[in-house]
Amino acid sequence: MNYLVAVLQDRIQAEAAYLALEKEGINSTILGRGYKTADEFGLIDPKEQAEKQARLMTIWLVPFGFFAGFTFSLITGLDTFAWAGEIGNHIIGGLLGAASGAMGGVFVGGGVGLVVGSGDALPYRNRLNAGKYLIAVQGSETMTRQANRILRQFEPENIQGYADTTSV
């Protein structure tokens, strides 16, 4: 399955492009104010992806951090907290390592999820927020090529094609 997404300046241009595609028998979707939203269409929300990535990283890094902090304290034999005793020092070292793992999961996981998880969805969402409209066409390669020729007549701000490689 192939996708084609064009960014148009205003609603009139988007409707004209939609009608031109419909005239040629090509089904398309308009995204923008008064039409489908990015969420309804299925554009990934980068904030949601960042939260999911941060949660996943935290799940892995907190236990690893605890183990690393405990082991570090055990190997070095540091007596940082004299009041806690030998085992208490190792446990506190583990807890500090777990806290470091949690911070790493939130900051690194969230940042990576925000940058990597969004793909092209973030620029498209920004354009929708700026009041522009998107025309999305989904179909075979020949259909998207034909849609590309039709949409170019309307001088879109941007036009991008995608090939879905996940379905084999």
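1. Let's start with a loop. Glutamate 155 sits between helix H6 (141-152) and strand E4 (158-163), in the loop that links them. Keep in mind that this is a predicted model. The phi of glutamate 155 is near 45°, so a positive value turns up here in a residue that isn't glycine. As background, most residues other than glycine have a negative phi. Is glutamate 155 buried or exposed? Glutamate 155 is exposed, at a relative accessible area of 65%, and the cut-off for calling a residue exposed is over 50%.

2. Now the overall layout. I count on 6 helices and 4 strands in the protein. Read from the N terminus, the elements go β-α-β-α-α-α-α-β-α-β.

3. On to the sheet. In what order do the 4 strands line up? The order is E2-E3-E1-E4, in an open sheet with antiparallel pairing. Strand E2 (28-31) and E4 are the edge strands; each has a single partner strand, so one side of each has no neighbour in the sheet. On average, neighbouring strands here are turned by 15° against each other, ignoring direction.

4. One pairing in detail: strand E1 (residues 2-8) and strand E3 (residues 133-139) run antiparallel and are joined by 7 bridges. If you want a spot to click on, take alanine 6, whose bridge partner in E3 is isoleucine 135.

5. Two helices to look at against this sheet. Helix H1 (residues 11-23) packs on it, touching E1, E2 and E3, and the direction of H1 makes about 20° with that of E3. H6, the helix that comes before the glutamate 155 loop, lies across E1, E3 and E4 and runs at about 10° to E1.

6. A few whole-chain numbers. The protein has 168 residues, of which 34% count as buried. Taking the contacts with a separation of 6 or more, 81% come from residues 24 or more positions apart. The exposed area is about 10400 Å², and carbon and sulfur atoms supply 61% of it.

7. Last, a surface feature to have a look at. Which residues make the nonpolar surface patch of about 360 Å²? Phe66, Ile87, Ile91 and Leu95 make the patch. Helix H4 (residues 85-116) gives the most to this nonpolar patch, with 3 residues. Leucine 95 is placed in helix H4.

Methods: Residues are numbered from 1 along each chain as its sequence is written. This is a predicted model: local features need pLDDT of at least 70, side-chain atom pairs count only at pLDDT 80 or more; totals for chains, interfaces and linings use all residues. Side-chain values use heavy atoms; hydrogens and water are left out. Buried means under 20% relative accessible area, exposed over 50%, partly exposed in between (1.4 Å probe, protein chains only). Two strands pair if DSSP finds at least two bridges between them. Axes are lines fitted to C-alpha atoms, for helices over the stretch in contact, and angles run from 0 to 180 degrees between N-to-C directions. Contact means heavy atoms within 4.5 Å. Accessible areas come from the Shrake-Rupley method with a 1.4 Å probe; for residues, only the protein chains shown count as cover. Patches are made of residues with over 30% relative accessible area and no salt bridge: like charges are joined within 9 Å, nonpolar side chains (Val, Leu, Ile, Met, Phe, Trp, Tyr) within 5 Å. A salt bridge is a side-chain nitrogen of Lys or Arg within 4 Å of a carboxyl oxygen of Asp or Glu.
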